[in-house]
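Biologist: I am new to this structure and would like to go through it step by step. May I put my questions to you in turn?

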Amino acid sequence: CILLWALCVYKEFRNIWLTLEGIWQLPRTPETVLRDNKLQSLSKLRFKWLASTCITRFVIATVLLISGTQWLARTTSITELMLNAVALNAILDVDEFLFAGFTPLSIQVAIEKLEPITIRQSRRRSQSESLVLFLLLLFTALFPYLALLQPLGQTMLAVKWNLCAGNQQFVVAKNTNSQVIVGFETGSALSEAANTVLQLAVERQVHQSPDDRYGYYISFELPSIFERARSRTMAQESDQFSFCIETDHLDPGGSLHGDPVLWYNVAAPRLRTAAALLGREDVDSCEQAADLCNRTDAQLLRMVCGRTCNCTDPHHFPWLKVPAQGCQTSCLNEAVREFKWEQCQDQPTDGTWSELWDGYVPTLNHWLGADISQSTTFYNDILQWLAAVKALGCPALGDPKFKFEVTGAREWCAGDPNFFRPLALTCPVSCGCLAENPPSYCPPCSANSSA
């Protein structure tokens, strides 16, 4: 478009030059002589007016050439580029529009009847013009590219690199009180999966029958609570139902089994969304997604499938068995209630005990979003700590050296509301649950049934 615009301006330059050359050839007399529709001579005053007009046209065309080229070079949209080029070309035709619209018809006819002024041509002149036109064309092709387009392209690449290159998967902020700059990794895979499932939910809903009141992936809420539902934390989402979704509703024999409203508006959309977020579509039962339960990003799946994901099993590994990681409080309470019918005794120091602690480091890595093995000293300390706990068994949790979780100040027996449920369910005796006034985190086992 820049080249075409320059050619339009060069055409105007050539018309100006030919006009100036034509009037220069005419003799100057006191009066303008027009005979037989042919200019014989020009008056000096009329020659000065015509010459000044040509100079003015040349200045305007030059300014338009420079500013128009810069304008087109800064236009990034193809559609706007074409429109801008047409608009610039229209400016050059303004004088012709004015002549055709406002000049009396008699004058227009008289000008059309004028015979053209003959311009003397020669072979040398023709060759010179060809050379000049070639150089102008070459200049028009190279100069705008080197002076305008190439720097603009480099600037856009630099902006793209600054905005999009490198690691973009983190959020950072400064604490003005402590003056510490803090951040966390956002996890691109989960974000991309969430966006994909959101698009899938919208597409499914768009093509769904208007008579179907329920969403396949979407849990519809009342307008008055939509914003609250949109901003709930996982712990709040898990605790909003007073019943365990899988055992009370999905399992045959549950007190709410077969309730269509709960299935279509609560269980089904959440189950399908949970599985789709983990890369599995068209899931209609917890058993179909059982192998995904232990993933750190399977919070919604653990909420819907509390029994399948072992939230209701008091003897299963404690990692991620908390409301903040998806397990409903109602499901966790079922696990606690089972202790009323069991002996109150510590987990034996056997293979199951070692397997419990083997899952700690991988889960901790996913939970922290970092590989703790990269910190050699810290990682070695954790391995030594785990080896000692595996060897000592449950009594280690009562030892001041081992009673606190290694990455924080939480007691193993009390649990961490964001990471693991109380190990008092695994080691009730070592956690002091047989005391006269046992801690609140202890399960309701009886001292008389202790082994």
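Biologist: In which helix does Trp385 lie?

Modeller: The model is a predicted one. In it, Trp385 has a relative accessibility of 11% and counts as buried. The helix that holds Trp385 is H16.

Biologist: Which residues does Trp385 touch, not counting those up to four places away in sequence?

Modeller: Contact here means heavy atoms within 4.5 Å. By that criterion, and with residues up to four places away in sequence set aside, Trp385 touches Trp357, Lys401, Phe402, Phe404, Val406 and Trp412.

Biologist: What distance separates the C-alpha atoms of Trp385 and Cys442?

Modeller: Along the chain, Trp385 and Cys442 are 57 residues apart. In space, their C-alpha atoms are separated by 24 Å.

Biologist: Is Leu364 buried or exposed?

Modeller: Leu364 has its place in helix H15. Residues under 20% relative accessible area are classed as buried. Because the relative accessibility of Leu364 is 0%, this residue counts as buried.

Biologist: Which residues are in contact with Leu364, leaving aside its neighbours within four places in sequence?

Modeller: One partner of Leu364 is 55 residues away along the chain, namely Phe419, and the two C-alpha atoms are separated by 8.5 Å. With neighbours within four places left aside, the contacts of Leu364 are Ile372, Ile382, Glu405, Thr407 and Phe419.

Biologist: Which members of the largest nonpolar core touch the most other members?

Modeller: In soluble globular proteins, nonpolar side chains tend to be buried together. The largest nonpolar core here has 27 residues. Those that touch the most other members are Trp319, Trp357, Tyr360, Leu397 and Trp412.

Biologist: Which helix gives the most to this core?

Modeller: Helices H14 (351-358), H15 (360-368) and H16 (376-392) each supply at least two residues of this core. With four residues, the helix that gives the most is H16.

Biologist: Which residues are in contact with Leu397, leaving aside its neighbours within four places in sequence?

Modeller: Leu397 is among the core members that touch the most others. Once neighbours within four places in sequence are left aside, its contacts are Trp357, Lys403, Trp412, Cys413, Leu423, Cys427 and Cys431.

Biologist: How many residues are in the other core that lies apart from it?

Modeller: This other core lies apart from the largest one and has Phe243, Ile245, Leu300 and Cys305 among its members. Its number of residues is 22.

Biologist: How many disulfides does a search of the whole structure find?

Modeller: A disulfide is a covalent bond between the sulfur atoms of two cysteines. One of those in this model joins Cys286 to Cys305, with an S to S distance of 2.0 Å. A search of the whole structure finds disulfides to the number of seven.

Biologist: How many residues apart in sequence are the parts that Cys286 and Cys305 tie together?

Modeller: Cys286 lies in the loop between helix H11 (260-277) and helix H12 (299-304), and Cys305 in the loop between H12 and helix H13 (329-337). The pair therefore ties together parts whose separation in sequence is 19 residues.

Biologist: Why is the disulfide of Cys286 and Cys305 left-handed?

Modeller: Both ends of this link are buried, Cys286 at 3% relative accessibility and Cys305 at 1%. The handedness follows from the torsion about the S-S bond, so the disulfide is left-handed because that torsion is about -85°.

Biologist: How far apart are the sulfur atoms of Cys311 and Cys327?

Modeller: Cys311 and Cys327 are each buried, at 0% relative accessibility for Cys311 and 0% for Cys327. Their link is left-handed, with -65° about the S-S bond. The sulfur atoms of this disulfide are apart by 1.9 Å.

Biologist: What is the torsion about the S-S bond of Cys394 and Cys427?

Modeller: A disulfide joins Cys394 to Cys427, S to S 1.9 Å. Cys394 is buried at 1% relative accessible area, and Cys427 at 0%. The disulfide is left-handed, the torsion being about -60°.

Biologist: Why does the sulfur of Cys54 form no bond with the closest cysteine sulfur?

Modeller: Cys54 is buried at 3% relative accessibility, whereas Cys8 is partly exposed at 28%. The closest cysteine sulfur to that of Cys54 is in Cys8, and this is too far for a bond because the distance is 19 Å.

Conventions
Residues numbered from 1 in each chain as written. Predicted model: local features only at pLDDT ≥ 70, side-chain atom pairs only at ≥ 80, totals over all residues. Heavy atoms only, no water. Core = buried A, V, L, I, M, F, W, Y, C linked by side-chain atoms within 4.5 Å. Buried < 20%, exposed > 50% of the residue type's maximum accessible area, 1.4 Å probe, protein only. Disulfide = S-S within 2.5 Å.
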